[in-house]
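Okay, everyone, thanks for coming. Have a look at the screen, and I'll talk you through it.

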Amino acid sequence: MQREIRIEDKSLIDSREITKIIIQNGSGFIWNADGWLKLREDHRIVGNLTGCLVGLPRQETLQGLPLVLLPEEVTLLVEKKVARLIDDSILTELPPEQTKERYISYKEQNKKEQMDCYEDQRRQQVTSMIDRIIDGKRRKLLGLNTKKRKRSDEGEVGEEKIMDIELDREEILKNELNKSAENFSPPVLVQTFTSEQWLGDTDTKKVIWKFPESDHEKLKYFVFRDLWEKGYYITDGHKFGVDYLVYPGDPVKFHAQFLIVCIESNSNIPPSDLIAYARLGSTSRKTFVIASKLPDKEDIFYSSFQWNEKS
């Protein structure tokens, strides 16, 4: 099926890195945190987080990766050239030797970066304490107590005599750093991958994405795309019994403004359903909207309804 792709700002799409969507059992998943953040902040794609948080695995209030995308979101991202689809079956196969070597090299580089970071922090820590370390070594050479709270002998020897002992500051700093390095056993952190890191164009399998197929799916997608191009955030509306919930901004900051139900222009909606939807919109403080499309046209028209109780 061929459809015209409408892009408001081509420079925005072309200048961004393509996001990888993993297709598994007919659903699109985002496993990468950077990809999830990019889609939400740059392209107003919300999806639905379904995983548990690593630090809080026994609660259900906050969800983590993977992000499951609506079929409409997957089709939209592909049409706008924001994302490309990857067959998940290749992630279950044994990687080739070249990929294994790249992983080992990446692992060693990651360990080196952690070591460099540790050494920089350790150097700053030792440097900030070097005066106290030198003072302790001077007192130890004179047979004095090195503990700050037990320096009753300091008056007998005198501060000048303690300071007369010359020590090599740089040598002491070097020895302290070497001492800390000997007591340190890498690796500091173990990285857990949530997706394959080096999939290239030649490694991926062709994905056949068929959504939308039916007339109702096409209508839903056209409505979703039209609302997205108007600048709204859209989520699935199943918890309200509608097709979409539409937000004026990010759903973490705003309540939904519209309840959208997609109905073909030549279909009839029972009066009881119309009343139920209108009352739902009134009780939830949202505007109930019917979205329709004329046959053989992509223009969407919207009809809003408001429940009005007679006094």
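Let's start with a question: in which sense do β2 and strand β4 pair, and over how many bridges? They pair in the antiparallel sense, over three bridges. For orientation, β4 covers residues 64-69. Oh, and before I go on: this is a predicted model.

If you want to check that pairing on screen, find Phe29, which stands opposite Val68 in β4. Then go to Ile30, which stands opposite Leu67 in β4. As a reminder from the textbook, strands of a sheet pair through backbone hydrogen bonds, either parallel or antiparallel.

Now, β2 has another partner. Strand β1, residues 19-24, pairs with β2, residues 27-30, and that's antiparallel too, over three bridges. Here Gln24 stands opposite Ser27 in β2. The two strands make a hairpin with two residues between them. Watch the turn: Asn25 sits there with a positive phi of about 50 degrees.

And β4 has another partner as well. Strand β3, residues 48-51, runs antiparallel to β4, and three bridges join them. Leu49 is the one standing opposite Leu67 in β4. You've just heard of Leu67, since Ile30 stands opposite Leu67 too.

What about the loop between β3 and β4? Leu53 lies in that loop. Is Leu53 buried or partly exposed? Leu53 has a relative accessible area of 26%, so it counts as partly exposed; buried would need a value under 20%. Leaving aside neighbours within four places in sequence, Leu53 is in contact with Gln59, Leu62, Gln63 and Gly64. Take Gly64: it's eleven residues from Leu53 in sequence, yet their C-alpha atoms are 5.0 Å apart in space.

Next, a helix: α2, residues 33-43. At the N-terminal end, Asn32 acts as a cap, with a side-chain oxygen 2.8 Å from the backbone nitrogen of Asp34. After the helix comes Arg44, whose phi is positive, near 55 degrees.

Which residues of α2 are buried? They are Gly35, Lys38, Leu39, Arg40 and His43. Let me pick out Arg40. Its relative accessibility is 13%, so Arg40 counts as buried. Who does it touch? Not counting residues up to four places away in sequence, Arg40 touches Ile45, Val46, Tyr233, Asp250, Pro251 and Val252. Here's a general point for reading a helix: there are 3.6 residues a turn in an α-helix, so residues three or four places apart point the same way.

On to another sheet. This one is open, with five strands in the order β6-β7-β8-β9-β10, and its pairing is mixed. At the edges you'll find β6, residues 233-236, and β10, residues 300-305, each pairing on one side only. On average, neighbouring strands here are turned by 30 degrees against each other, ignoring direction.

Inside that sheet, look at β7, residues 244-247, and β8, residues 258-262: they pair in the antiparallel sense over three bridges. Leu245 has Leu259 as its bridge partner in β8.

Let's go to the cores. In soluble globular proteins, nonpolar side chains tend to be buried together. How many residues are in the largest nonpolar core of this model? It has 31, and those with the most contacts inside it are Ile21, Ile45, Leu69, Leu77, Val223, Tyr244 and Ile260. Several elements give two or more residues to this core, among them β1, β4, β7, β8 and α8, residues 215-229. The largest share, seven residues, comes from α8.

Tyr244 is a good one to click on. Setting aside neighbours within four places in sequence, its contacts include Lys220, Val223, Phe224, Ile234, Phe258 and Ile260. There's also a second, separate core of eleven residues, which includes Val242, Leu245, Leu259 and Phe288. So that bridge pair in β7 and β8, Leu245 and Leu259, turns up again in this second core.

Last, the whole chain. It has nine helices and ten strands. Of its 311 residues, 33% are buried. Among contacts between residues at least 6 apart in sequence, 60% join residues at least 24 apart. The chain exposes about 20,900 Å², and carbon and sulfur atoms supply 49% of that.

That's my tour, thanks for listening!

Methods:
Residues are numbered from 1 along each chain as its sequence is written. This is a predicted model: local features need pLDDT of at least 70, side-chain atom pairs count only at pLDDT 80 or more; totals for chains, interfaces and linings use all residues. Side-chain values use heavy atoms; hydrogens and water are left out. Two strands pair if DSSP finds at least two bridges between them. Helices (H or I, at least four residues) and strands (E, at least two) are DSSP runs, numbered from the N terminus. Buried means under 20% relative accessible area, exposed over 50%, partly exposed in between (1.4 Å probe, protein chains only). Contact means heavy atoms within 4.5 Å. Axes are lines fitted to C-alpha atoms, for helices over the stretch in contact, and angles run from 0 to 180 degrees between N-to-C directions. A nonpolar core is a set of buried Ala, Val, Leu, Ile, Met, Phe, Trp, Tyr and Cys residues joined through side-chain atoms within 4.5 Å. Accessible areas come from the Shrake-Rupley method with a 1.4 Å probe; for residues, only the protein chains shown count as cover. A polar contact is a pair of N or O atoms within 3.5 Å; within protein, one must be able to donate a hydrogen and the other to accept it, and residues adjacent in sequence count only if both atoms are side-chain atoms.
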